[in-house]
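Work through the following exercises with the sequence and the coordinates open side by side. Each task is followed by a solution that proceeds in steps.

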Amino acid sequence: AKSPWLLYRTSSCIAVRNLSTGAEKVFDNPKDFALNDQNNRLLLYNKDEVLECITLPNFQSQIVFRAAGIANLAFDRASLQVAFTRTKGFNTDILLWNPAQPTADILISDDMDGIKTGYKVANQSLKFSSNNRRLYFKLTKRQDSIVKDKDVLVENLTIDHYQELFLKGEINTIKDRQFYSATCLISNRKITQIEDSQHMLITGSIELPNNKFVLLQNVVNNRIRQWDENQLPIYELLDLDEQKLRKFLPAGHLTVNNPTLSPSEKYILWMDRFKGDIFSYRIDNEIIKNITESIKIHPDIIIQTQDKYGTPAFKLSQDWQFISRGDSFLFRDKYDIWQSHPDGLRLPICLTKGYGRENTTEFDLDGKISGNRSNEINIRFLDRKTNSNGFARIMYGKPSGFEILSNDPCLYSWSMVQGPPDVQKSTENSLYLLTRQTASSAPNLVISKDLRTFKVISDIH
């Protein structure tokens, strides 16, 4: 980022180098390490089993904790707190530290209220909420909570599939998950277990960590829901502060795709994959609105793949993006990019001015790159008539800011294919680094200042 520090590792050490002066400090055989977002503090768990916090650029060191089994180092977003796990035998504790403390204290252990019977703390990664008030962690099932049937002769038998002769159907059993999400309010150490055997986070619905709400769904077996009403999906909102669940959709809503909590946590958005419309649910008044009802051309849901039964599998999580920390969001139909707001008070606007549908060109939000100004982004496109690749500029809230930057017979990177890596942009100036491939040349690195003209900087033939 803007820091002049480079952190890299070899097979036996990590090194911190000042890119401005060339000065370098090497740490031999670290067991684990983590660098904060501001690039000015380094957590280092050294070979002597001492966890220390090192401040850059003066390399001042402060001991955090001394113990074996330390892992999963994590800074909060402001770098004012540090969390990590310590495993001893079969038990794992989570400890918390800040620079004012002489040593870290235990924040979470297996015997605390809020962890349900049969579960314990797992040795897995940790995350702080965006306001640094909460810590998210994982639980796992206790081995002693698994009851064995004495009449079962084969203990390690697992039934993955069986056929029901009278119903003439077949059932794939739901494999038990290994880890379950939970959160702790740091100020009072109040724990809320988010997932268990009956509830799971909605896949793709949120990017943990959140501050107040999470979205849950009951664990269902889709193969038997035709005759078992208990297997119909139930979508619920969990209030982490009140520890209360409430349904935000009627039970058995089978057309919901990609329920998503907005950044302000005021709205829930989802796509109805049969109607092709985007809906919003306002959490405080429980009002549901059809956001895209006014668009004459409903968003075409792109079929990305098919499951093993030949059923189209729809994927929108990478094409559904909120703007910064606000609730306005971008979405794509089959061709164009749109902007809307979940309050439904404003009509969706087409930021690509209908160019995509008119010219059979697909614009791609996945892998978007920031522009030279805060209100603009650069996006990739694929011309389906010529199979050429290129870049375009769009501006938040301004269709007039749309502009085609380049359109060439080559492949840069495209989310629909497993191809070159995404574009990278420097933070100090407007310089883009990307990979370009043509019918007659191998993938080579190119740089550009404006995504209009490109200079090749590698020579792969």
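**Exercise 1.** Which residue in E6 is the bridge partner of Arg-41?

*Solution.* Bear in mind from the outset that the model is predicted. Begin with the two strands concerned: E5 covers residues 41–45 and E6 covers residues 50–55, and the two run antiparallel, joined by 5 bridges. Within this pairing, Arg-41 has Thr-55 of E6 as its bridge partner.

**Exercise 2.** Determine the strand order of the open sheet that holds E5 and E6, and identify its edges.

*Solution.* The sheet consists of 4 strands, ordered E4-E5-E6-E7, with antiparallel pairing. Strand E4 (32–35) and strand E7 (60–66) each have a single partner strand, so they stand at the edges and one side of each lacks a neighbour in the sheet. From one strand to the next, the twist averages 15°.

**Exercise 3.** Is Lys-25 buried, partly exposed or exposed? Describe its surroundings as well.

*Solution.* First locate Lys-25, which lies in strand E3, spanning residues 24–28. Its relative accessibility is 36%, and because the partly exposed class lies between the cut-offs of 20% and 50%, Lys-25 counts as partly exposed. Next, setting aside neighbours within four places in sequence, Lys-25 is in contact with Ile-14, Ala-15, Val-16 and Phe-59. For Ala-15, which is 10 residues away along the chain, the C-alpha atom is separated from that of Lys-25 by 5.6 Å.

**Exercise 4.** How many helices and strands does the protein have, and what percentage of its residues is buried?

*Solution.* The protein has 1 helix and 40 strands, and buried residues account for 46% of its 461 residues.

Note on methods: Residues numbered from 1 in each chain as written. Predicted model: local features only at pLDDT ≥ 70, side-chain atom pairs only at ≥ 80, totals over all residues. Heavy atoms only, no water. Buried < 20%, exposed > 50% of the residue type's maximum accessible area, 1.4 Å probe, protein only. Contact = heavy atoms within 4.5 Å. Pairing = 2+ DSSP bridges. Axes fitted to C-alpha atoms, helices over the stretch in contact; angles between N-to-C directions.
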